[in-house]
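Colleague: Hi, I've got the model open and I'm new to this. Could you walk me through it?

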2 protein chains.
Amino acid sequence: MTKPSIPKGTRDFGPSDTARRNFIFETIKKVFMLHGFSQIETPAMENLSTLLGKYGDEGDKLLFRILNSGDFLSDVPGDKRDNPDAAGLLPFVSDKGLRYDLTVPFARFVVQHQNEISFPFKRFQIQPVWRADRPQRGRYREFFQCDADVIGSDAIVNEFEMVQLVNEVFAQLGIEVTVHVNNRKILYGIAEVFGYANKFSEITVAIDKLDKTGRDKVKLELTEKGVDEITADRLLDMYCENAETDQLLISLEELFINSETGRKGLSEINELLEYCNSGNLKTKVKPDVSLARGLNYYTGAIFEVKADKVAMGSICGGGRYDNLTGIFGLNGVSGVGISFGAERIFDIMLQENLFPQNIETPAKVLFVNFGKSEEPHALRLISKLRHEGISAVMYPDQAKMKKQIQYADDSHIPFIAMMGEDEIERKQVGIKNLKTGEQQTIDSKDIVEFFK
Amino acid sequence: MTKPSIPKGTRDFGPSDTARRNFIFETIKKVFMLHGFSQIETPAMENLSTLLGKYGDEGDKLLFRILNSGDFLSDVPGDKRDNPDAAGLLPFVSDKGLRYDLTVPFARFVVQHQNEISFPFKRFQIQPVWRADRPQRGRYREFFQCDADVIGSDAIVNEFEMVQLVNEVFAQLGIEVTVHVNNRKILYGIAEVFGYANKFSEITVAIDKLDKTGRDKVKLELTEKGVDEITADRLLDMYCENAETDQLLISLEELFINSETGRKGLSEINELLEYCNSGNLKTKVKPDVSLARGLNYYTGAIFEVKADKVAMGSICGGGRYDNLTGIFGLNGVSGVGISFGAERIFDIMLQENLFPQNIETPAKVLFVNFGKSEEPHALRLISKLRHEGISAVMYPDQAKMKKQIQYADDSHIPFIAMMGEDEIERKQVGIKNLKTGEQQTIDSKDIVEFFK
C-alpha cells in the first residue's frame, strides 16, 4: 500500500506548527477584540452567483467548484450533452464554490443581514480561503486570512484605527514594520491633471511597479497603454525626483489646483497622518504616492505593511472602499478594511526566531508510570495540578524508564515526575528537569507550588 | 437585485453566535490542553482515494466533491463521453473531496507522518466537516467536530482519560451529564455464546434500538436478520429483565465461561469503572450493555454522553479502535478517541441559558464623539484602557448623541463615556451605565480603575 498523501498545495499542521500558527491568530484576534471588533464566520461554500465575476476572469478560473450532488448532469441541456466539453458543461454541473477571500463573503453577509446589523459595523474574520493557483514556495491552495473592517462610516479616524491595529499586532509579535500609506484619490488626481483621467487604472498599475522593474520598463508600459511619451516622462520625473515624500505631497498641493478629487485625497491623507503623528505609535508611517495596490474596489486610503529587517513583500494591507456592497445591491456604504497575511508573518517569525520558547510543549510534566499500584498516586497529583491550570500527563503504559523519558523529551515535555514505592511511602516526588538534567525531591504537597 | 443567500444547510454566524460558539470551542480546547493533548490541523480537501470507501456506500454519496480544475473532462475515456451519465463520469472529473469527519483524516495523518510522531500520540482537532446530507432541524451540511484521541497505547487508563475530559468539559459548561459505557467485546461475547458470532454486527445494531423502538420491533429485526426466535427471546429477556446494569454485568460473568472475548470485555469495562470510581468525578458513569454505537471500527470500550435534563440524543461519544490506521497500511496501532458534538451542546446551552452574560459584548465602553477638538482626549483615554486590556471604542462620526447611545445599546456595549468641552476642562469624564441608567462623573485619571 502506498503511503497516503494530501492534495498538492495543501498542508498538514502538526503540533508545533499548529501551536505557532495559533500564537499568531490569537495575537491578532486579541488586538481586534481590544479595539471592539466582533468576530463573524461565514460558510466555506458560497453560491457561485456570489463569487463569480468578483475577482476578474483570472479569479473565476481559480475558484474551486463543488460538483453538484447526485445526478450532476441533470441540469445540462440536451445539446450540450452530445460531444460535451468542459466549458459547455461548467455552468450546469456546479452551483457552489469554495470561499476565495473573506471580503466578498463579508460584503454578501452585510447585505444579507443588513437589518440585524448596527452600523458602523466593526467585524473581524479569521478563516481559510481556497484558490486553485499553481502551488509554489510560499503560495498555497488553502491558506488563512485575518481581516478586520469598519463598514458604514467614512470617518478618517477608522483608517487611523487600521494603523493602530498594525502597530499593536506587530509590536506584540515582535516584528518591526513600516506602514506605507497612499490615497486612491491622489492617484486619480495625478492621472486627471496630466489629462489621462480615463487611464487612471492603467497608470496606477504601471507606477506600482516602479520599485520592482525600474523607470524604463514602467515608461514602456505607460506608452503601450496609450499615454504619450512626454506625459509619461513628466509623470516619472515627478515620482523619481521627489522621492522624498513630504516634498512630493507639497508639490501635489500646487498640481491639484485643477483637481478636486486630488485635493480631497490630499486632505484625507493629511488627516490620517495627523492622527498617526499624535497617536503615540511605535510603527513608522510613511506616505508613499507610488503605492497603488491591485484591488479595484479601493476608493480612498490604501496601505501596505512591510517588515523592516526581512526582504519580503507586503505582510498586511488594506484600504477604503466606497461601494463594496454595491455588487450585492446595497449602495452607498463606505468602509475600510485590513488583512493580515498570516502565512508570511509565520515565515518571518520562524526565520527571525520570534516565537515564544516552549510554545510546542503539550504538558509541563510527565509522570513516569511505575505500574498499577503506583498509578493512583500519580493520577491524584496530576488532578491536583490540572485543577490549578497546570497541564500534566502520565505515561499510560508501564514501559521501561528510558523509553518513558525519551517520550517526554521527544514530545517537548520539560519535566518528568517520579513516584515509585519509596517516594510514595515518604509522601514525596522526584522531579527531573530534562533540559538541565537537574534532579530534586520535593514533598508531594508542594507540587503545585513547584510548577507555578 | 435579489438579496444574496448562502447554500442550503450552511450558516452565517454573526457576532453573538460566534462569541457563543467560541466559548464552547475554547472551553473544550482548554480542557484538552490541560490533559496534554496537542492540536493538529488537516486540509479541508483530501484526495478522494483517502475518503472513498471509509464511510460505507451512503457516506460515499454524501461526500462533497471538488470538480477538477481546468478541462475537467480531459481524463474521461472516449467511450464515456458519448451519451455521458453522471455515474460514468464521476470517477474522472473529480479527485478531491471535502473532509467528511476528523477521524479518517487523523488516521491518514498518523500513517503519513508516523516517523515524526512520538507514540502514544495525544492529539486534538477542532475543525469543520462537510456532508451533503438532506438539511433539517439540527442537521447541517457544514458543522464542527471537536475530537481528541490517544493513539499508540492500549492502556485502559486512556479510556478513563476520555471520561475525565467529559467530566471537566461539561462541568465547565454547566451541563449535567451521564456517561454511558459499554465494550464491543461484551457485545461480541453475547453474540458468541448465543451461537451467532457471525451475526455480531446485526445483533448489535438491533439491540441498540431497544430504547427507541421497543422489544417487539427489535425482535422482528433480529429474526429478519436470521436469528432464530427462541434465541431472540432469550437475548431480549436478558436485556430487559436485568435492566439494573450491575446485575447484568454479574450475570454476564457466568454467561462468558465459554467466551474469552466476552471475559476480556468484562475485565476491561470493570477496570475502567474502577478508575472512574476512584477518580473523584462529578459526572455519573453508567455501564450500559445495550449501547452499541454505529461505527464499525470500534473494538473495545465505547461510550456516549447524554444531558440529564434535556431530551436530546447523544452530545458526545467515542471508543477504542484497534486498527483504524490499518486502512492506510499501518497495522496494530490501538487508540481511543472522543468527539464532542458542538452543535447540540450549543443548542442545549442556549435553551438552558448557560452562556455567560455579556458574552457578545464587543467593548466595555463607547466614547461619545463630540467632534474634532474633543476627539484626541477620548482617543487618549481609549489607548490607556486598551493598554490595560480593557476594550474600548469611540463612535467614529460626530452624530447626534441619541444615535450614538442607541448604537452602544444595539451593539451590547454596557457603558458610554462622555468627554465634552466641560469635562475636558475639569479633567473628568461622565460615565453612564446603559443597563441601569446610572450616571456618574469621575476623574479621567481614574478611568482604568473604574473599568477594572
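Modeller: Happy to! One term to start: a residue is buried under 20% relative accessible area, exposed over 50%, and partly exposed in between (1.4 Å probe, protein chains only). Also, this is a predicted model, where local features need pLDDT of at least 70, side-chain atom pairs count only at pLDDT 80 or more, and totals for chains, interfaces and linings use all residues. Residues are numbered from 1 along each chain as its sequence is written, chains are lettered from A and ligands numbered from 1 in the order in which they are written, and side-chain values use heavy atoms, with hydrogens and water left out.

Colleague: Thanks! Is R215(A) buried, exposed or partly exposed?

Modeller: R215(A) counts as partly exposed, at 28% relative accessibility. Its side chain meets that of D237(A) in a salt bridge, 2.9 Å from N to O. By salt bridge I mean a side-chain nitrogen of Lys or Arg within 4 Å of a carboxyl oxygen of Asp or Glu.

Colleague: Where do D237(A) and R215(A) sit in the chain?

Modeller: D237(A) is in helix α12 (residues 229–241) and R215(A) in helix α11 (residues 215–224), both of chain A, so the pair links distant parts of the chain, 22 residues apart. Helices here are DSSP runs (H or I, at least four residues), strands are too (E, at least two), and they are numbered from the N terminus. D237(A) is also partly exposed, with a relative accessible area of 30%.

Colleague: Which residues are in a network of salt bridges with those two?

Modeller: R215(A) and D237(A) are linked in a network with K219(A), E229(A) and D233(A).

Colleague: And how many salt bridges does the structure hold?

Modeller: There are 58 over all chains. One in chain B joins K122(B) and E161(B), with the closest N and O atoms 2.8 Å apart. Here too the pair links distant parts of the chain: K122(B) lies in strand β5 (residues 121–130) and E161(B) in helix α7 (residues 157–173), 39 residues apart. K122(B) is buried at 9%, and E161(B) is buried at 7%.

Colleague: What separates E268(B) and K264(B) along helix α14?

Modeller: About one helical turn, because they are 4 residues apart in helix α14 (residues 260–277) of chain B. Their side chains meet in a salt bridge of 2.8 Å, N to O. E268(B) is buried, at 7%, while K264(B) is partly exposed, at 44%.

Colleague: New topic: how many disulfides are there?

Modeller: The count is 0 over all chains, a disulfide being a pair of cysteine sulfur atoms within 2.5 Å. For C316(A), the nearest cysteine sulfur belongs to C146(A), 9.4 Å away. C316(A) is buried, at 2% relative accessibility.

Colleague: What about domains in chain A?

Modeller: Domain 1 covers 15–63 + 100–351 and domain 2 covers 365–451; such bounds come from an automatic or database domain assignment. The two centres, taken over C-alpha atoms, are 52 Å apart.

Colleague: One last stop: where is N369(A) found?

Modeller: N369(A) is in the loop between β12 (365–367) and α16 (375–387) of chain A. N369(A) is buried, at 3% relative accessibility. A polar atom of its side chain lies 2.8 Å from the backbone oxygen of Y395(A).

Colleague: What else is N369(A) in contact with?

Modeller: Contact means heavy atoms within 4.5 Å. Leaving aside neighbours within four places in sequence, the contacts of N369(A) include E375(A), M394(A), P396(A) and Q404(A).

Technical notes. Polar contact = N/O pair within 3.5 Å; in protein donor to acceptor, adjacent residues only side chain to side chain.
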